[in-house]
Amino acid sequence: MSNQAVKDLTAGTAGGIAQVLVGQPFDIVKVRMQTAPKGTYSGMLHCAGGILRNEGPLAFYKGTLTPLLGIGVCVSIQFGALEYAKRIFADQNLKAGRGGEGGRTLTGSQLFTSGIFAGLANGVVSGPVEHIRIRLQTQSHTNPLYRGPWDAIKKIYSHSGIAGIYKGQAVTLLREASGYGIYFLTYEKLVQREMAKKNIRRDQINPANAVLYGATAGYALWAIIYPIDMIKSRMQTDGFSPGSGQKYKSTLDCVRTVWRTEGIGAFTRGLGPTLIRSPFANGATFLGFEMAMRVLDKL
């Protein structure tokens with residue numbers, strides 16, 4: 001593995017850890033609202049208040065070990081794959097005599113494609129990580145089925161094999177590819193504009209702007225993927241077989257059933273905590289990545 005790839009993966013890990021620590025409390029509220037029967041919660045504060053009252057403040061970090069390890073790895077893979085794809089496109093640009101210094105000023109379609117590649121690479125890990133996290137977040141706190149992430153993995157694997165661990169994977173890959181295409185396109189275009197406007201290098205951009213651009217990219221991401229994410233949450237909390245309470249035969253069956261029984265509103269339920277969480281979590285992600293990269297580039 002090249003020195004640059006190691007730097008990309010390390011900086012991505014820093015971004016992932018920052019994302020989890022900032023975003024996890026909002027995420028558990030989102031997942032509870034997405035997966036609860038209609039009318040369970042009157043809104044985000046009702047849901048958050050119930051968690052705090054019934055389960056205590058540490059409940060907001062329930063299932064955090066999995067995402068802290070897993071999303072650290074996921075974001076590492078995201079940025080590693082993104083930077084790898086960007087370097088390939090930069091080499092192509094350089095040979096074609098375009099893209100400015102080193103061919104590094106990529107076009108919108110090159111950035112979008114790089115983001116899709118990052119999303120698909122990430123999805124291989126994020127699918128099972130999020131599946132285990134969601135199982136832990138939504139299980140009964142009085143009579144839990146799983147004692148923790150490793151117990152959940154063992155029980156799901158013994159019951160349903162690798163397919164059980166990867167439950168909801170098709171919709172996860174759709175979410176990651178479409179979402180991260182838009183996500184990284186938005187962030188990188190804002191960075192490009194700032195560098196061109198002020199005639200500065202990437203490492204001279206104000207860290208506050210990395211937070212702002214990350215927050216903007218996060219909103220662009222969720223504007224595209226939220227309904228897909230809701231279906232993913234439903235698939236990943238569904239039973240593994242008709243005998244264990246399976247409600248949906250497939251992803252398409254899930255979409256049809258939710259539409260028929262709960263209406264269009266179900267596809268945006270839990271959007272509130274997501275929109276509040278997004279600027280903090282995504283701003284922290286890019287700030288973590290950019291700052292780590294600056295430190296690593298000096299080593």
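## R234 and its surroundings

The side chain of R234 makes a polar contact with the side chain of E262, at 2.9 Å. In this predicted model, the R234 side chain also reaches the backbone oxygen of Q34, at 2.8 Å. R234 is found in helix α7. Its relative accessibility is 6%, below the 20% limit, so R234 counts as buried.

Leaving out residues up to four places away in sequence, R234 touches Q34, T35, Y248, C254, V258, E262, A266 and R269. Two of these, C254 and V258, are also among the members of a nonpolar core of 10 residues, which includes M235 and F267 as well.

## The largest nonpolar core

The largest nonpolar core has 28 residues. Those with the most contacts inside it are A11, F79, Y183, F184, Y187, L221 and F286. Two or more residues of this core come from each of α1, α3 (65-96), α4 (108-138), α6, α7 and α9. Helix α7 gives the most, with seven residues.

For A11, the contacts beyond four places in sequence are G288, F289, A292, M293 and L296. The core of 10 residues that includes M235 and C254 lies apart from the largest one.

## Aromatic pairs

Across the whole structure, a search finds 13 aromatic pairs. One of them is formed by F26 and F280, which are stacked, with 6.3 Å centre to centre and 5° between the planes. This pair links distant parts of the chain: F26 belongs to helix α1 (residues 3-35) and F280 to helix α9 (residues 271-298), and the two are 254 residues apart. F26 has a relative accessibility of 25% and counts as partly exposed.

W259 and F267 form a tilted pair, because their planes stand at 55°, between the 30 and 60 degree limits. Their ring centres are 6.0 Å apart. How accessible is W259? It counts as exposed, at 52% relative accessibility. F267 counts as buried, at 10%, and is among the residues of the core of 10.

Ring pairs also link F79, Y180, Y183, F184, Y187, F286 and F289 into a cluster. Of these, F79, Y183, F184, Y187 and F286 are also listed among the residues with the most contacts inside the largest nonpolar core. F289, another member of the cluster, is in contact with A11.

## Annotated spans

The unreviewed UniProt entry annotates residues 6-88, 109-193 and 205-295 as "repeat: Solcar". In the model, residues 109-193 are 85% helix and 0% strand, and the end C-alpha atoms of this span lie 16 Å apart. Residues 205-295 are 75% helix and 0% strand, with end C-alpha atoms 14 Å apart.

The same kind of record, an unreviewed UniProt entry, gives a "transmembrane region" covering residues 210-228. That span is 100% helix and 0% strand in the model, and its end C-alpha atoms lie 27 Å apart.

## N199 in the loop before α7

N199 is found in the loop between α6 (169-198) and α7 (207-237). Its phi is near 55°, a positive value in a residue other than glycine. Is N199 buried or exposed? N199 has a relative accessible area of 72%, over the 50% limit, so it is exposed.

Conventions: Residues numbered from 1 in each chain as written. Predicted model: local features only at pLDDT ≥ 70, side-chain atom pairs only at ≥ 80, totals over all residues. Heavy atoms only, no water. Helix = DSSP H or I, 4+ residues; strand = E, 2+ residues; numbered from the N terminus. Buried < 20%, exposed > 50% of the residue type's maximum accessible area, 1.4 Å probe, protein only. Phe/Tyr/Trp six-rings, centres within 6.5 Å; stacked < 30°, edge-to-face > 60°. UniProt positions renumbered as here; feature names shortened; annotations may be inferred. Core = buried A, V, L, I, M, F, W, Y, C linked by side-chain atoms within 4.5 Å. Contact = heavy atoms within 4.5 Å. Polar contact = N/O pair within 3.5 Å; in protein donor to acceptor, adjacent residues only side chain to side chain.
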